[in-house]
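Biologist: Before I use any labels for this chain, I would like to hear the reasoning behind them. Please take me through it.

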Amino acid sequence: MAGMMSKRSVFTTVTPLPPYLTRETVIETLHQHSDMIQLNPLVIKHERCNPPPNAPADEFHCIWYELMDKIHYLPGGMLSGHVSYKACFYDLPRGLQTHVYAPTGLDIKDKWSICGNMPGEPREPVELGLTDAPREGLYLREDVDMRCNIFVTSFVKKTLRKAHAVLVERLVVKADILKQRSDYASSVRHSLLAYPPTETDSYRSSWQSPTSPGFRVASPDVTSQISPSSISPTELHFQGRGSSLVLDPAQTGPFPPTQYSKPTKPNEHIYEIDGAPVQLPEITVEQVDDNAQNELPASSVKRKPTASQPGQAELA
C-alpha cells in the first residue's frame, strides 16, 4: 500500500561554472561534507552519526550524518516545522553522491558531478537531453532520484529545487575563495623557490634581534659575550667601524678612567695608555721655540737688546 502511494521523480539540473574555477577546486569543495551541508539553507543542525541498522551493504561504510531541516509549509512562515533525518555521503573522483532517508518514506538519491572541459582540454561530448549544458567550459550537474508520497511530491520537489539553487550559488562562491587561497599559496611558494633566503639574511636577522646583553659578536655561529672591562677605549676607537661588536648601553655602564704611565727609561718616548704602548714623537726645546715664532704675527715680536746677549730678539 505504501508503494502504491509513493511516486518517483527524476530530474537533472545544470549550472555553468565561471571560467576561472578549476575542476580540482570545485571537487575539493564537494568533498568537504560539513561545508556542503551548511551551504544548504534548509539545514539548521548536523552532526556525525553511525549508520542505521537497515543501511545497505554498499552504504554501510560511507560517512553518515544526522541533519535537521526547518521546513516552511505555508508561504510567509505561517506554518513551519523541524524534520530530522539521516544521510550518507560518498566521494567520487569527479563529484559526490548522497542518499537521504527522511520521514514519511522520503528517499532522495543525489549525485553531483563536474562535467565539461577546462581551457586547453578537448571538448567533452554532452549527453543527449541536457539542453542547458554549455558546449564549452565546466558545469555542475545534479542528478536527483526522489521517491516520496504522491500528495507531497510537488511540494518536496519545489522545496528541493529552491534550496539547491541557493546551495549551488554558495558553492560557486566557496570554490572561488578556495581558488584565491590556492593561488596565493602558490605565489608565495614560487617566490621562496625563486629567491631563497641567503646567509646574509640570516646574519641580518641575528644582528637585528639581539638575545644577550652587553657586548656580543654579531655572528650566527659565535655566542660568546665580551665584558666592557676587557676592552680599552683605544681598541674600541680602532675597531669601531670595522668590528661587529654590539654595545647595549643599558647593560654596560660607563668606561673606567684612562690610565697613563710615563716611560720607564729616559729618552724612550714610549708611553702606555691603559696597557697599550703608544710611541710619541721626540720634540726638542728649539723646535718648540721655532713653532711658537712661526705661529705669532710679526707685529707681536719685539727685539730688545740685553746686556748678556746683545741683538737677540725677545718675545713680548
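Modeller: A salt bridge here is a side-chain nitrogen of Lys or Arg within 4 Å of a carboxyl oxygen of Asp or Glu. Keep in mind that this is a predicted model.

Biologist: What makes Glu136 and Arg123 a salt bridge?

Modeller: The closest N and O atoms of Glu136 and Arg123 are 3.0 Å apart, and the cut-off is 4 Å, so the pair qualifies. Both residues lie in the loop between β6 (107-116) and β7, so the bridge ties together parts that are 13 residues apart in sequence.

Biologist: Why is Arg123 called exposed?

Modeller: Arg123 has 56% relative accessibility. Exposed means over 50%, so Arg123 is exposed. Its partner Glu136 is at 48%, between the limits of 20% and 50%, and therefore counts as partly exposed.

Biologist: How do you know that Arg8 and Asp145 form a salt bridge?

Modeller: Their side chains meet at 2.8 Å, N to O, and the limit is 4 Å. The pair links distant parts of the chain, with Arg8 in strand β1 (residues 6-16) and Asp145 in strand β7 (residues 138-149), 137 residues apart. Arg8, at 48% relative accessible area, is partly exposed, and so is Asp145, at 23%.

Biologist: Why is Arg141 called buried?

Modeller: Arg141 has 13% relative accessibility. Buried means under 20%, so Arg141 is buried. Arg141 also forms a salt bridge with Glu127, with the closest N and O atoms 2.7 Å apart. Arg141 is in strand β7 and Glu127 in the loop between β6 and β7, so the bridge ties together parts that are 14 residues apart in sequence. Glu127, Arg141 and Asp143 are linked in a network of salt bridges. By this rule the count comes to eight salt bridges.

Biologist: How do you know that Glu59 has no salt bridge?

Modeller: The nearest side chain of opposite charge, Lys109, is 5.6 Å away, and a salt bridge needs a nitrogen within 4 Å. Glu59 is buried and lies in helix α4 (residues 57-60).

Biologist: What makes a polar contact with the side chain of Glu59?

Modeller: The side chain of His99 does, at 2.6 Å, where the cut-off is 3.5 Å. His is not counted among the charged residues.

Biologist: Why is Phe155 called partly exposed?

Modeller: Phe155 is at 32% relative accessibility, between 20% and 50%, so it counts as partly exposed. Phe155 is found in helix α5 (residues 153-194) and helps make a nonpolar surface patch of about 810 Å². Other members of the patch include Tyr73, Met78 and Ile150.

How values were computed:
Residues numbered from 1 in each chain as written. Predicted model: local features only at pLDDT ≥ 70, side-chain atom pairs only at ≥ 80, totals over all residues. Heavy atoms only, no water. Helix = DSSP H or I, 4+ residues; strand = E, 2+ residues; numbered from the N terminus. Buried < 20%, exposed > 50% of the residue type's maximum accessible area, 1.4 Å probe, protein only. Polar contact = N/O pair within 3.5 Å; in protein donor to acceptor, adjacent residues only side chain to side chain. Patch = residues over 30% accessible without salt bridge, like charges linked within 9 Å, V, L, I, M, F, W, Y side chains within 5 Å. Areas by Shrake-Rupley, 256 points an atom, 1.4 Å probe, with all protein chains shown as cover.
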